[in-house]
Amino acid sequence: MFKNILIIDDDIMNLKMAKTVLERAGYKVDMQKSGALGIKSLKENKTDLVLLDIEMPDMDGIQTLENIRMEKELEEIPVIFITASGDTDNVVQAAKLGVADYVKKPFLMNELLKRVAKVFDGKK
């Protein structure tokens with residue numbers, strides 16, 4: 001069975017690169033370039049995992065995750081943060097919101113695949 005992953009990132013190159021690698025590994029991938037569009041997609045489509053950039057205009061990753069956690073039908077979806085930020089406040093806030101893992105930008109594709117597989121292996 002295919003696992004559905006939603007990537008939310010305002011950087012189109014990051015979206016395309018992650019999508020290509022994940023699809024080659026057998027995942028079904030959707031992409032959105034803002035938190036608001038990502039939440040809309042989550043409400044409309046079955047999603048097994050979200051890869052979420054922290055630093056985005058309008059609604060950042062923390063705000064997006066807060067909104068996801070407020071929605072009863074979305075609150076249990078695991079989220080992996082993708083971030084170039086070393087801001088410890090973001091790390092602490094994300095931990096409080098139950099983020100599953102972090103991937104630091106720029107990321108190695110093998111590292112991304114390992115983190116995704118780890119989340120899915122833990123959900124069995």
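Start by selecting E23. Is this residue buried or exposed? E23 falls between the two: its relative accessible area is 38%, so it counts as partly exposed, given that buried means under 20% and exposed over 50%. Keep in mind that you are looking at a predicted model.

Stay on E23 and show the backbone around it. The residue is found in helix α1. Now add L6 and draw a distance between the two C-alpha atoms. They are separated by 12 Å, with the two positions 17 residues apart along the chain.

Next, select L51 and show its neighbours. Which residues does L51 touch, leaving aside those up to four places away in sequence? The partners are I5, L6, I7 and I8, then L22, then I80 and I82, and finally L112 and V116.

Widen the selection to the largest nonpolar core, which has 19 residues. Colour I5, I7, L22, L49, L51, L112 and V116, the members that touch the most other members. Then turn on the secondary structure. Three strands give two or more residues to this core: β1 (4–8), β3 (49–53) and β4 (79–83). The helices that do so are α1 (12–24) and α5 (109–122). Which element gives the most? That is α5, with five residues.

Now move to another core, which lies apart from the largest one. It has 18 residues. To find it, select I39, V50, I68 and I77, which are among its members. A general point fits here: in soluble globular proteins, nonpolar side chains tend to be buried together.

Zoom out and colour the chain from the N terminus on. The elements run β-α-β-α-β-α-β-α-β-α. The protein has five helices and five strands.

With the whole chain in view, check the dimensions. The C-alpha atoms fill a box of roughly 30 × 30 × 25 Å along the principal axes. The radius of gyration is 13 Å, which agrees with a compact globule of 124 residues, because such a globule would have a value near 14 Å. Consider contacts between residues at least 6 apart in sequence: 61% of them join residues at least 24 apart.

Finish on the surface. Of the 124 residues, 45% count as buried. The accessible surface comes to about 6,900 Å², and carbon and sulfur atoms account for 54% of that. Last, colour by charge. There are 19 positive and 21 negative side chains. The centres of the two sets lie 6 Å apart.

Key
Residues are numbered from 1 along each chain as its sequence is written. This is a predicted model: local features need pLDDT of at least 70, side-chain atom pairs count only at pLDDT 80 or more; totals for chains, interfaces and linings use all residues. Side-chain values use heavy atoms; hydrogens and water are left out. A nonpolar core is a set of buried Ala, Val, Leu, Ile, Met, Phe, Trp, Tyr and Cys residues joined through side-chain atoms within 4.5 Å. Buried means under 20% relative accessible area, exposed over 50%, partly exposed in between (1.4 Å probe, protein chains only). Helices (H or I, at least four residues) and strands (E, at least two) are DSSP runs, numbered from the N terminus. Contact means heavy atoms within 4.5 Å. The radius of gyration is taken over C-alpha atoms; the globule rule is 2.2 Å times the number of residues to the power 0.38. Accessible areas come from the Shrake-Rupley method with a 1.4 Å probe; for residues, only the protein chains shown count as cover. Lys and Arg count as positive and Asp and Glu as negative; His and the chain ends are not counted. The place of a charge is taken as NZ of Lys, CZ of Arg, CG of Asp or CD of Glu.
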